[in-house]
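Subject: Structure handover

Hi,

Here is the structure I promised to pass on. Please open it alongside this note.

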Amino acid sequence: MWPEAGLLALIMAAWVALAQAVLPLWGSLSTRRASWQRLARPLAQLQLILIVLSFLALWQAFYVYDFSVVYVAHHSNTLLPAPYRLSAIWAGHEGSLLLWVLMLALWSVAVATFSRHLPQALVAQVLGVMGAVSVGFLAFILALSNPFARQFPAPVEGRDLTPLLQDPGLVIHPPMLYMGYVGLSVAFAFAVAALLSGRLDAAWARWARPWTVAAWGFLTLGIALGSWWAYYELGWGGWWFWDPVENASLMPWLVATALIHSLMVTDKRGQFKAWTVLLAIGAFSLSLLGTFLVRSGVLTSVHAFATDPGRGIFILLFLAVVVGVSLALFAWRAPQWANASQPVAGSRESFLLINSVLLVVAMAAVLLGTLYPLIIDALNLGKLSVGPPYFDRVFVPLMVPLLLAMVPGTVVPWHVARWAALRQLMVPGALALLAASAWASWGGPPQDADAPIATAGGWLTVMGGTLGGWIVLSGVWQIVQRLRLSGSPGLAWWGMHGAHLGVAVLVLGITGVKSFEVERDVRLGLGDAVTVAGVRYQLISVDNHLGPNYLALRANLKLFEGERMVGTLQPEKRRYVSSAMPMTEAAIDRNLWRDRYVSLGEPLAGDPPQWSFRVYHKPYVSWIWLGAVFMVVGGGLAAFDRRYRQARANVQRPLLGTGSALGVEP
């Protein structure tokens, strides 16, 4: 009866969420009853307990192979290794939605636990809004996506988990991505609470900042893990494909990044209030849009769930309600901020505004490229595919001015234009340009005699190297100056520079791999060899290998530099027993400076036998994910800055000073 107990717990959680949505909000806005406001925290905790019980019930069904549960039968079988059998809970539509509401309940309890210094009415409103969101998703699960649905008689064996998902990436990538997706609901709830109460001040912005940064950090980690998973699992050697579902995670990340910077200005200067609220609404709305795209059946993607249109309609209606209600509240309160002061050109506020606007424009470009083919198809105007060429031509040029504005935005002071401060950045800029020019000329891999290639980068390499190097060198210069003049700064300051360093490393990694990577498609027989980027890949053997639930053809290649063996690689071609589905498992020799990447293709007819291989040399590709790690660490430092835990925010305190702009906190 575990599945029935899990379903009952979900039903009870839905009623508790409804009470959490109604009673605290009503107590804070209408009756002003403190006792009703105090219900927000225990109701959030009770909802979490019930959803955890439901989650454990589904976990138990997977653990004991209860194939009478339809969801278990569709995503598991008795041959599936234990780690994948347990993580299969969120491998399909119904279970992933259960994970979504679990994450939402966790965020609600986190707000209830770590916001005791905030006004009780504000906490009641924030938790009430989050309860309303939870009601929508729980209603969706109970009405259209029940993970505990039964079937009788139960099949003897399950269908198995999709081979693509039988990977350690399934264990950690979806939870991290959902923590980011759902975490943006906290920023949304703070924004709606501010609109409901009419109190949109610097204190509100300061209280919302750590939650927004934490959600952004989880979303950054989730996107990076997804990119890394696709890189080594799909066998294509790419780290970003501009897949619509990938875009669905990138769009809220871009807006959340803009929101973090806008919250900073609202906190420090009391400006951009309306813009900040719109960004908070937009970030969470884009998370819901991503949910619609993945679960509506309108996309064909290796990431998307194939579901019936009714589910997509429900999510679309829920999205319309969320956006409609929040924008109506915004229109109601907007006249209060009509006379807000404008930023001074050349001040820190102006650079942060430029950055946030460029991020939103970049999001709009990605949104257009993602939805335009769907709109054309829906209007029966034909089939249209928007691929990497569009995004490279539209998205990348928007990133250049964004990176150019990033460094001045950390140097100039608040509220005044001090252009002299920018002259201090000329030396790091000149050094970065020289280093990038040398990198473009001599940074490529060795040329191969049997397949000459152009290894030197062009002007794009110089530009990317200069921008990334400028961010790094100017950041180091600022750190040295700050420690010399002003002593030890706070965690938020270190977090800002850590995140910016991550952006620089990411830019350098993308520039390096795009400029210098080498790709060769070859056919090899036993004993044959191919030289790529100065390394000889020799095929030694091709053998059959038996895995726990698959049969594999495994190639064994030895790698030589001259006569010295420098490693071995064993790419595989797997065929899973239950589904007979083939999968490519690439073999990668990694270090910080380059990846040697080999994927095994199909056997080729002939005597002697040969096999097709794809061999890559990918310089600096690891820097892409290393940059994401720096960003996540920087976000974590900023989120735990003690100033965010203060009950009172200093509104428009003196920030100008007469000394260096480096004395100003971020």
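Below is what turned up, taken topic by topic. Bear in mind that this is a predicted model.

Nonpolar cores

The largest nonpolar core has 165 residues. Within it, Met130, Phe190 and Trp204 touch the most other members. Helix α8 (residues 168-197) supplies the largest share of this core, 18 residues. Take Met130 as a starting point. Leaving aside residues up to four places away in sequence, Met130 touches Gln20, Leu104, Trp107, Ser108 and Val111. Its other contacts are Ser185, Val186 and Ala189. There is also a second, separate core of 20 residues. Val532, Ala533, Val535 and Val542 are among its members.

A helix pair

Look next at helix α14 (residues 388-406) and helix α18 (residues 459-486). Their axes come within 9 Å and cross at roughly 25°. Angles under 35 degrees count as roughly parallel, so α14 and α18 are roughly parallel to each other. Their crossing is left-handed. Which residues meet there? On the α14 side they are Val400, Leu403, Leu404 and Met406. On the α18 side they are Met463, Leu467, Trp470 and Ile471.

A hairpin

Strand β6 (residues 572-576) and strand β7 (residues 582-585) run antiparallel. Four bridges join them. One bridge pairs Arg575 with Pro582 in β7. The two strands form a hairpin, with five residues between them. In the turn, Ala580 has a positive phi of about 60°.

Best wishes

Definitions and conventions: Residues are numbered from 1 along each chain as its sequence is written. This is a predicted model: local features need pLDDT of at least 70, side-chain atom pairs count only at pLDDT 80 or more; totals for chains, interfaces and linings use all residues. Side-chain values use heavy atoms; hydrogens and water are left out. Two strands pair if DSSP finds at least two bridges between them. A nonpolar core is a set of buried Ala, Val, Leu, Ile, Met, Phe, Trp, Tyr and Cys residues joined through side-chain atoms within 4.5 Å. Buried means under 20% relative accessible area, exposed over 50%, partly exposed in between (1.4 Å probe, protein chains only). Contact means heavy atoms within 4.5 Å. Axes are lines fitted to C-alpha atoms, for helices over the stretch in contact, and angles run from 0 to 180 degrees between N-to-C directions. Angles under 35 degrees count as roughly parallel, over 145 as roughly antiparallel, 65 to 115 as roughly perpendicular and the rest as oblique. A crossing is left-handed if the near helix is turned anticlockwise from the far one by less than a right angle, and right-handed if clockwise.
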